Amino acid sequence: MPTVLENTRSPISSPLAAALLLLISSFCASLYAQAADTTTAASGVRAMHVLGLEGVKRNHHGTLSVQPSGLNFDGKGARSAIAVASIQDVFTSQDTRQTGGKVLTVAKMGVPYGGGRVLSLFSHEKVDSLTLEYRDANGALHGAIFSMPLGQAAALKKQLVDLGAHASIPVEMQTDKKDDK
Amino acid sequence: MKQNRSPLPATLAGIAGPALLLCIVCLGIPRTFAAETAAWSIQVEPVASDEGQLPPDFSMAVYEDLLAQLAKTGQFQQVYRSGDHQADSVPNLLILHMTLLNFERGNQTERAVTTVKGATKVQVHLKVSARDGNTLVEKDVQGTVRLFGENLKATYALAKHIADTLRDASLPPPTAAKAAGQ
């Protein structure tokens, strides 16, 4: 009796199937990335407290989120909030920051023939900064500055303005200014 | 009996005496100075500038850094923020005003690569006056970041220079200042 040869080829082994799989996986990845982005916007933004918040050390990392009560900063062992009603003004701007921290700074100094300077060209990133002016119960003026990944500050400012925070420069105008640059 | 005492204790005593006296004098001077100037309290106003001349983050950084530096020196009894109602009833209050003279925003990358270009500079005109308007200190002060650090480090340098200026200014005691103002 002749033996029937079964087709044992896996569907993945075909180039067409592999391409299809790649397409599906990339589509899934993009969906996941979008979902992750939305989660960040809703649950908070990773930010660094530059200065100004009571009870939080300078250059402390944490999560910045807008709640109905105001702006909350949650860091490791430090938490602070600014009530929307107390906010006098909100500003956003852009700046550059060195990446790699002190380790890279020391490493750059150690590179011979000025090679560290070349390294400096590639070890900077653009960041957004969010500046708040607010007054406490005694009427005393405070200022708080946060730095965060590019493109996040305008969204936070918009959320704060929507909740009733005062901003002397409207969100749209500040975005336009950035585009002009 | 032969007395073979070494002259070392006598020498030590000879050095230790004046050294101790010097220490007492040195420790006493700042304490007296602090006691005199601690009678003053100070209220810090934010930097006054034309619109758009100084970015808000720099303005707030100068203000916050200066408050921290003044509190750190211990030169003043209390350091009040702008608009603080608690300062209204303080008798010996100085008011610190800053007017922007010059601002140059540098670039950290440029600083790190060239080491000579890209400095960030903030220069203000400092004016410290009593409540009656009598000006006690007036000076132009500058803060710069030239090589390492972010642009906002210039505000820290400026705040430090202002605190140093006030420390070196030897403010008159409140009563003397009031008499001079009348």
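Just after helix 4 of chain B, look for B:Ser170, which takes a positive phi of about 45°. Keep in mind that this is a predicted model.

Now step back into the helix itself. How far apart are the end C-alpha atoms of helix 4 of chain B? They are 23 Å apart, and that agrees with the 22 Å you'd expect, because the helix has 16 residues (153-168) and the reckoning uses 1.5 Å a residue.

Which residues of this helix are buried? The buried ones are B:Ala154, B:Thr155, B:Tyr156, B:Ala157, B:Leu158, B:Ala159, B:Ile162, B:Ala163 and B:Leu166. As you read along that list, here's a handy bit of background: an α-helix has 3.6 residues a turn, so residues three or four places apart point the same way. The cover over the buried residues of helix 4 includes helix 2 (56-73), strand 4 (120-130) and strand 5 (135-145) of chain B.

Let's pick out B:Thr165, which also sits in helix 4 of chain B. This residue counts as partly exposed because it has 15 C-beta neighbours inside 10 Å, and a buried residue needs 20 or more. Leaving aside residues up to four places away in sequence, B:Thr165 touches B:Leu126, B:Val137, B:Lys139 and B:Val141. Take B:Lys139: B:Thr165 is 26 residues away from it along the chain, yet their C-alpha atoms are separated by 8.4 Å.

Finally, zoom out to where the chains meet. Here 24 residues of chain A are in contact with 22 residues of chain B. On chain A's side, strand 5 gives the most, with six residues. Sorted by class, that side has seven nonpolar, 12 polar and five charged residues.

Conventions
Residues are numbered from 1 along each chain as its sequence is written. Chains are lettered from A and ligands numbered from 1 in the order in which they are written. This is a predicted model: local features need pLDDT of at least 70, side-chain atom pairs count only at pLDDT 80 or more; totals for chains, interfaces and linings use all residues. Helices (H or I, at least four residues) and strands (E, at least two) are DSSP runs, numbered from the N terminus. The expected span of a helix is 1.5 Å times one less than its number of residues. A residue is buried if 20 or more other C-beta atoms lie within 10 Å of its own, exposed if 12 or fewer, and partly exposed in between; C-beta atoms are placed from the backbone. Two residues are in contact if their C-beta atoms, placed from the backbone, lie within 7 Å. Ala, Val, Leu, Ile, Met, Phe, Trp, Tyr, Cys and Pro count as nonpolar, Asp, Glu, Lys and Arg as charged, and the others, Gly among them, as polar.
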